[in-house]
Amino acid sequence: MATAAVGVPYTVADDYANSGLWSWLTTVDHKRIGVLYMYTALFWFGCGGLEAEIMRWQLKGPNGHVVTAEMFNQLFTMHGTTMIFLVVMPLSAAFFNFLIPLQIGARDVAFPRLNAFSYWVYLFGSLFMNTSWLVGQAPNGGWFGYAPLTALQYSPGLNIDFWMLGLQILGVSSLAAAFNFITTIINMRAPGMNLMRMPMFTWMAFIVQFLLVLAFPVITIALVFLQFDRFFGTNFYMMTAGADPLLWQHLFWIFGHPEVYILILPAFGLVSEILPTFSRKPIFGYPVMVYSGILIAFLGFGVWAHHMFAVGMGPIADSVFAVTTMLIAIPTGVKIFNWIFTMWGGNLRFTVAMKYAISLVALFTIGGISGVMHASPPADLQQTDTYFIVAHFHYVLVAGSMMGLSGGIYYYFPKITGRMLSEKIGNWQFWLTFIGVNLTFMPMHWSGLYGMPRRVYTYDAGQGWEIFNQMSTAGALIQALAAFVGLYNIIKSRKSGEIAGNDPWGAPSLEWSIPSPPPDYNFAVIPTVTSRYPLWDVKSPELTTDVPHSRVGDEHNTIAIGGKTVGSFQDSMAAGTPEGGLNPNARQASTKVSLKTAEQLGIPMPYPTIKPLFVALFMVLMFASLLLIHVNKETMGLVAVLTFATAMTFSLYLWLTSPLEPSH
Amino acid sequence: MNFLSRLRRPGTRKAGVVALTVAFAALLAACGQDHPDSIFHNRTDVNRDVDYLFKLLIGAGTGVFIFVETILIVALVKFRKRPGQPEPKHVHGNTTLEIMWTVIPALILGVIAVPTVRTIFKTQAAARADALQVEVYGHQWWWEFRYPQYTMTGANGKVDTVVTANELYLPIGKTVNFTLRSRDVIHSFWVPALSGKRDVVSNHTNYLWYTPDSTTEAVFNGACVEYCGTSHANMRFKAFTVTQADFDSWIEHQKLASVDLMPPPAPVAPAAGTPAKPGAPAVTAKPATTPAMAAAAATPAPVVQAGFVMFPREKMPVSTVPQTPYPEKLKFDDGLLANGNAAAGEKIVNTNMCIACHTIRGNPMMQAVLGPNLTHVATRTTIGAGLYPNDAQHLARWVKNAPSMKPGIIMPTFGIGEYDPVTLKGIVKTGFTDAQVSDIVAYLQTLK
């Protein structure tokens, strides 16, 4: 049917270089930045995965000696830090970047150059942190970095410095991006898209940005204290000076628990996009889904001390945090049920994206249930810091976040690249992942309850833990295989995947009304939105007639979805109900389209610029120079810090004094 | 060529189901094994309370799990796309249903929350006044246990507390109240079979009590469960539950000082004259385990507590005997151990760096408190914080090159020609020979 082997679906003649390395270094296009985020995060996913595989290989049997104790401690520290800060958060950021402007009908984010800056800070920060491997001093204090183990007295090497400075750098990236997205969502929604018409992903992203803005300053303060202790001899965490190590723990977890929702809510948002599309039903209980997301985020700031039940806070604090933690289960459960009832009565198509979404629903439930078990302090005292909790949070973060994000990749890859990921290879990847994840993390519940502590590089024989560890190691290998299958799929499908067309899935939201990949200006004409499901209003009106916020009668003629002036895809889009969820016409049509450029359409787009990259680079170098102080080169360190600070300020000056876009 | 037509591949799915079934079968099989460190042994009052809560949680959790997964699977099967199926009906929500799945989970959580709070207050109340007091000090990476209710006055009038390392004796049926403090970073004290863990926090004092009232004479593995640096995984310990009579006997024995072999008024040994050769003087050997000590058995022994002085090794289940292998590169001539001279060993100990860290009550040279107290080291079943069995072979290697046996520790490498894994420098001139190490081991083995 589809005309295979057709070139790019459209050509754009930009006045600036549009491909090649320079265009990527200077891009301020939210879609390209999203793509950069995605591939960088997938690269670190490979690194974090490799770290996990080495650890699993060490633990496959008792008294293993694949790596030394010190190396193992660096591995688990960097595995956690990498997966959280360099993989799940940036992969979520990839979707924020790519999708938020498309879903709200905007042409870019509010601050395109700040957006580029966020990415470059992330890239250089992640490289900086991993440079530590090259000098053999990777962070070794755990991703939670408890004081006083991180104090100079107990960790005299550069290990903790890399971690502490790296996290501060990454925090700059996250905060800049968060403010950017908040501004974008508040100010740049298309006409008619009020908050309760926003797609669920954008809603969850919106909530996450507030979590970032409120949580990251807290860890920044904790890290600045640590930095002052280590570099300038202050006493925030100095036990001999009478410091209280719980100061770090409270600060860290006030950040750390909202961080959990920073990691999971974007995946929830993606699942809330995928399930309705492949059920061909609107999301069940849209308002409740929004409110439960807000409630989860709000309660998320009131439960941090459940990470600290073992530190001896006393019965009153334990009880309070136990109850608040249990409360979070209610909105989370509501989400699970609403997802199931989104599918209930639907017309389910089991694409790979759908399978990932469903397995998030199925497996996150397990993590949620073991979460409630941890909420009960007397039981938690037996479970915490064992493999039981390792099982718990991997069900949340791998079976939850990563499954959701993987589903998101399968769902949005056609929009990002214009080509479908292979469903055949994708099925292999999905089932290998599904089996691997369960085989790795399910047995950890048992090894934990049978007494195996976490963060141990070795364990003794005869404790009854061997079989569970063997299963976990086997599962980890299967996950690695799945990752390679996925990598192969991406490489292969980018070259020769089927042409996607505007709307390969028959989806309801605005991003599917424009070509794949979208032109740099996204929407030739900013759409006017009158409903939550603008595309369904046009293509499948029977799905949405009763949805609130759709004004019956006017959606068919007044929803102007962008692009009437730029080609024929509008016609194909209106060609009726997709057969088998696909509109083959759309694909054929899109291959013929040659889109007009922003210039031809008279749309002012921001200039590409290299300046944010330089500001980011000098900022990271400025932080990195502090390391010199700890290799006994104080003067050189000070000079380097000042030099890079000056260079950063100068680049920033150039950035701020150059115009954003052509005057209009 | 519609890619959506290839979506459902029964073959792939069947393989997945088979693999999962196999995995869960293996899991079930594994559950039937022996699990010495399980949290489900119910040996104490506290753990029984926890177990009640745990059963409630796992019961409610399993119920919710089955319910959710069932309706999910039903939905997946019932509403999968079939050819020629009409578009689904638009449903945007259902207020009654949504209120239901808000209220019912809230009720379930209420059922969990009430006993949770009750158990919190019960288990965190002050321990009963007549409890056995044990002070626990966490060190990188070993445990110091002190029994402040049991003190003795030394020869110089100094009042000492009974103190031991890495091995905890608890009387059956008596509440024990632990006072937890750290000497350096944060640790966490845990004997899974006896109770939940409690962090050992720097500059804080924590408490934990329980009563080992449903146990016989037994040994339990304990561990540090808060990451505390390089050898966190090697910070283990043993908890022995013994009868009150045995406990009393053990603690009386622990009060005794060691016998100093060094000072001039040493009793005249039968085989005097060749002090560097086998047949060393005066030792208070209980069970004679080495030839050196057998030779010493004839000497007049000081008064030693008769009866229970340590948990009989033969009664220790295999799971409580460390099986950590030696480092491959660490060689020791075990043949020399039989010839170790305890008195010579004490002389080496007293004139080397050992005095900088360790205490041996009864030996006036040994009064430092940085490392474990060695007064009764020979009555312990393990060395290196539960890492190796306490026998001559392991002790010898430990003395020769401890850092290679336990990464990161501050005890230096002593063996001549050995490499210190931390400094990566060879110990050539000042190190001990294997024969000297054997003497030290002989001395340490007299410290019953």
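**Figure 1. Phe43(A) is found in helix α2 of chain A, a helix that covers residues 30-58.** In this predicted model, Phe43(A) has 14 C-beta neighbours inside 10 Å and therefore counts as partly exposed, since a residue is called buried only if 20 or more other C-beta atoms lie within that distance and exposed if there are 12 or fewer. Along the chain, Phe43(A) and Val87(A) are 44 residues apart, yet in space their C-alpha atoms are separated by 8.4 Å.

**Figure 2. The largest nonpolar core has 318 residues.** The residues with the most contacts inside this core are Val121(A), Ile340(A), Ala357(A), Leu360(A), Val361(A) and Val441(B). Helix α3(A) provides the largest share of the core, namely 22 residues. To follow one of the residues named above, look at Leu360(A): when its neighbours within four places in sequence are left aside, Leu360(A) is in contact with Ala267(A), Val271(A), Ala399(A), Gly400(A), Met403(A), Gly404(A) and Gly407(A). A second core, separate from the largest one, consists of eight residues, among them Leu535(A), Trp536(A), Val538(A) and Leu543(A).

**Figure 3. Chain A and chain B touch through 108 residues of chain A and 97 residues of chain B.** On the side of chain A, the elements that give two or more residues are α3 (69-104), α8 (286-299), α9 (315-343), α10 (352-375), α11 (377-383), α13 (423-449) and α14 (466-496). Of these elements, α9(A) gives the most, with 15 residues. Sorted by class, the side of chain A that touches chain B holds 64 nonpolar, 30 polar and 14 charged residues.

**Figure 4. Five strands of chain B form an open sheet in the order β4-β10-β9-β6-β7, with mixed pairing.** Strands of a sheet pair through backbone hydrogen bonds, and they may do so in a parallel or an antiparallel manner. The edges of this sheet are β4 (167-171) and β7 (198-200) of chain B, each of which pairs on one side only. On average, and with direction ignored, neighbouring strands are turned by 25 degrees against each other. At one edge, β4(B) pairs in the parallel sense with strand β10 of chain B, residues 236-242, over five bridges, and here Leu168(B) stands opposite Ala239(B) in β10(B). Helix α4 of chain B, residues 244-255, packs on the sheet and touches β4 and β10 of chain B, while its direction makes about 135 degrees with that of β4(B).

**Figure 5. Strands β2 and β3 of chain B form a hairpin with five residues between the strands.** The two strands, β2 with residues 142-153 and β3 with residues 159-165, pair in the antiparallel sense over seven bridges. Within this pairing, Met152(B) has Asp160(B) in β3(B) as its bridge partner. In the hairpin, Gly157(B) takes a positive phi near 85 degrees. For the chain as a whole, there are eight helices and 14 strands in chain B, and buried residues make up 46% of its 448 residues.

**Figure 6. Chain A of the predicted model has an average pLDDT of 88, and 89% of its residues score at least 70.** Over residues 1-17 of chain A, however, the pLDDT stays under 50, and the model has 41 contacts beyond four places in sequence for this stretch. The pLDDT is also below 50 over residues 549-593 of chain A, a stretch that has 118 contacts in the model beyond near neighbours in sequence.

Methods. Residues are numbered from 1 along each chain as its sequence is written. Chains are lettered from A and ligands numbered from 1 in the order in which they are written. This is a predicted model: local features need pLDDT of at least 70, side-chain atom pairs count only at pLDDT 80 or more; totals for chains, interfaces and linings use all residues. Two strands pair if DSSP finds at least two bridges between them. Helices (H or I, at least four residues) and strands (E, at least two) are DSSP runs, numbered from the N terminus. pLDDT is the predictor's confidence in each residue, from 0 to 100. Two residues are in contact if their C-beta atoms, placed from the backbone, lie within 7 Å. Ala, Val, Leu, Ile, Met, Phe, Trp, Tyr, Cys and Pro count as nonpolar, Asp, Glu, Lys and Arg as charged, and the others, Gly among them, as polar. A nonpolar core is a set of buried Ala, Val, Leu, Ile, Met, Phe, Trp, Tyr and Cys residues joined through C-beta atoms within 7 Å. Axes are lines fitted to C-alpha atoms, for helices over the stretch in contact, and angles run from 0 to 180 degrees between N-to-C directions.
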